[in-house]
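Let's take a quick tour of this one, piece by piece. Have the model open while you read.

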Amino acid sequence: MGKIIKKGEKGAAANYLSRNMAIKKLQISLAQFRRLCIIKGIYPREPRNKKKVNKGSTAPKTFYFKKDIQFLLHEPVLHKLREIRAHQKKINRAIGKREWVVAKGLEAARPTYRLDHIVKERYPSFNLAVRDLDDALSMLALFATLPTHSGVIKPSTIKECARLVSEFQHYVMIAGRLKKVFVSIKGIYYQADIGGSDVTWIVPHPFTQDTPRDVDFRIMATFLELYETLVGFINYKLYTDLNLVYPPKMRDETSDSGLAGFVVETVEGNNFLDALAAEDDAATEAAGVEGKNRKQRKEVQKRVKNLGAALDQITSSTQLGAEEEEEDVAEADEDEDADIPTAVVAPADASETVPSLLDAAKINAEASANSGANQKLFGNCVFFLSREVPRNSLEFVIKAFGGRVGWPATSGAGASVAETDGSVTHQIVDRPLGAGETRHSQREYVQPQWVYDCVNAGRLIKTKGYHVGEMLPAHLSPFGGGKEGYVPSEAALSALAVTKGLADADEEEDKDVVEGGIMQDEAESDEEGDDDDDDVEDDGEEELENKGPLDSDDDEAVYQAELEAEAAGLSFTEYMQKKDAEENGASKKKATTSHANLKKRKISAADAEAAEEKELAKMMMSKKERRLYGQIEFGRKKKEAEVQKLQERRMAHQKEEAKKTAEPKEFAKPAPAGKESKASTPKMKVASASDKTPVKALTTASATSAKKSGSASKKAKKA
């Protein structure tokens with residue numbers, strides 16, 4: 001007879017432990033158990049069959065893996081938590097006995113613990129630590145803005161959070177790692193490239209924060225304790241990779257100098273920022289020398305192009321001998337590579353090819369070139385920040401892209417540019433200039449959004465629309481949904497404008513290249529062109545006959561049509577259909593509707609065939625694959641529903657705006673001369689003589705006409 005197995009000793013019940021059992025096994029309190037689980041990254045688990053794990057009971061319980069609790073038994077922090085608990089009992093006993101000197105000494109000798117080994121354990125490599133940097137920076141930035149007098153968080157902790165965030169932003173600034181910026185209601189989103197990984201964090205607006213009472217700050221403080229150690233490790237790694245001293249020194253810790261107060265020194269004791277400034281000066285001098293020699297280079301290029309034909313004649317005689325030598329070399333290579341197997345089928349696309357080290361080097365070179373160009377986006381600009389704009393954010397963004405910036409003394413110390421400096425090119429303002437303030441004619445007065453939009457666009461955009469008093473354009477998020485997400489019409493129009501500008505620039509470059517060289521085959525091409533003129537003209541006429549309004553290759557016409565459709569409150573397709581109906585008449589409209597119905601039938605048949613193929617493919621899937629496919633489809637449909645909802649909201653907003661703009665025009669229309677009544681003439685005169693709005697004028701006119709009609713009816717009854 002075999003051994004009888006008791007219930008709960010084997011299977012799923014033996015793999016899980018409830019929270020109360022875990023606390024008893026670890027011999028700590030519930031608060032310390034929560035802190036230990038947060039620090040070690042251990043989370044509750046949901047068993048598949050709760051009834052079996054809970055020994056037949058259906059009561060709600062929190063379960064953990066048994067192996068995770070066994071893992072916690074050997075944690076050094078656990079022993080420190082036990083010591084802290086025993087030490088707290090001694091302090092409470094001394095306070096109960098009114099032994100204040102003893103209690104004060106015990107409080108000063110409270111045991112502490114460090115989390116360095118846990119950070120190394122949870123993040124074995126630097127890339128893994130950078131991936132979890134988003135939440136860490138966001139939480140540190142949040143706690144850095146909390147008031148120090150609230151009593152919820154220690155002032156020393158708030159100061160430490162502000163120091164770590166400032167050090168990280170200072171590294172991003174001097175290394176030029178910032179990529180995107182977005183200002184929202186919640187705060188300012190930043191995205192930086194750290195070690196090839198994108199790190200996105202949010203910094204709250206510099207307003208007075210209130211500590212809510214319904215938030216458990218003890219749990220958040222535990223996360224904050226881990227994140228402080230993590231960000232400290234990452235900052236040390238980033239600074240040491242640049243051969244800089246960590247932590248960086250501050251010129252004056254008491255002043256509100258911000259990022260300008262850091263003194264960045266190398267390990268050798270040199271100033272890092274001074275070295276960068278010297279490199280920039282050398283680069284500008286080299287650029288000046290290059291500009292002087294540009295004309296000489298163009299002349300040399302022209303002469304080289306003229307020698308092309310002569311070189312072709314010389315090389316034509318030597319090609320025959322070279323071809324024979326190449327054939328001999330190719331035969332020898334074929335003999336050597338005879339044992340190497342070749343691909344049976346050619347790769348279908350780029351994803352099937354294996355990249356080489358040369359391709360990787362080209363990709364890295366292109367990425368570094370693009371990043372270097374973006375680092376100097378504001379290299380030729382000097383900014384001055386007025387006192388009403390967010391100084392810390394603008395200083396961080398402008399300096400990260402190579403610009404110089406200054407601010408008034410009331411905003412803090414450390415400004416490198418004064419307001420009266422003649423080299424200032426842009427002044428960031430957010431209100432009209434006062435009576436006592438002077439306006440300089442050699443600088444642009446723009447609002448802060450211009451700086452952020454330039455960063456997201458990757459170029460210096462026009463300042464039109466960003467001046468004080470002008471309606472600002474939409475501040476679009478650079479973290480858009482992409483192909484599956486919602487793309488606003490402003491983003492599409494700006495992308496079209498950018499591509500059009502690039503195309504125009506390419507055409508100008510091609511034109512300059514063609515004009516610079518002397519083409520010796522012009523005569524032959526002219527003779528061939530004369531023979532083909534008739535054919536080209538015939539083809540052009542056929543293309544003009546068959547080309548519709550939507551098939552036009554003119555980007556300006558399409559851009560103008562999109563603007564007219566947006567002003568009318570219609571989509572682009574609806575606007576074009578309406579325009580075609582007005583131009584071609586009702587007969588052509590019937591033809592288009594019949595063609596559309598026929599097209600719908602064809603599309604429906606194609607959709608039915610695709611749906612049938614999809615169902616057949618589903619039948620061949622396993623249960624697990626079918627469930628995974630269902631989850632993917634559910635996520636896709638959810639995204640499509642969100643995009644559709646945003647599009648409908650946008651259309652409703654456009655229609656409301658169109659109605660608002662159309663209402664005053666309707667009231668301002670004068671009545672026809674033949675249909676204008678006698679009673680209406682004095683009313684319109686009164687409305688025009690007074691300074692009332694069209695709506696008020698119309699209401700007063702209707703009231704006076706009603707009174708006169710009533711008096712006329714009473715006189716008729718008396719008669």
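The span to expect of a helix is 1.5 Å times one less than its number of residues. Keep in mind that what you're looking at is a predicted model.

## Helix 11 and what follows

Let's put that rule to work on helix 11, which covers residues 155–175. With 21 residues at 1.5 Å a residue, helix 11 should span 30 Å, and its end C-alpha atoms are indeed 30 Å apart, so the two agree.

Right after helix 11 comes glycine 176, and its phi is positive, near 65°.

## A three-stranded sheet

Next up is an open sheet of 3 strands, in the order 3-4-5 and with antiparallel pairing. Strand 3 (178–183) and strand 5 (197–203) sit at the edges; each has a single partner strand, so one side of each has no neighbour in the sheet. On average, neighbouring strands here are turned by 15° against each other, ignoring direction.

Zooming in on one pairing, strand 3 and strand 4 (residues 188–194) run antiparallel and are joined by 5 bridges. Leucine 178 stands opposite alanine 192 in strand 4.

## Cysteines without disulfides

How many disulfides does a search of the whole structure find? The count is 0. Take cysteine 381: the closest cysteine sulfur belongs to cysteine 454, and at 8.0 Å that is too far for a bond, given that a disulfide needs the sulfur atoms within 2.5 Å.

Is cysteine 381 buried or exposed? Cysteine 381 is buried, with a relative accessible area of 5%. Cysteine 37 is buried too, its relative accessible area being 5%. Both values fall under the 20% cut-off for buried.

Notes
Residues are numbered from 1 along each chain as its sequence is written. This is a predicted model: local features need pLDDT of at least 70, side-chain atom pairs count only at pLDDT 80 or more; totals for chains, interfaces and linings use all residues. Side-chain values use heavy atoms; hydrogens and water are left out. Buried means under 20% relative accessible area, exposed over 50%, partly exposed in between (1.4 Å probe, protein chains only). Helices (H or I, at least four residues) and strands (E, at least two) are DSSP runs, numbered from the N terminus. Two strands pair if DSSP finds at least two bridges between them. Axes are lines fitted to C-alpha atoms, for helices over the stretch in contact, and angles run from 0 to 180 degrees between N-to-C directions.
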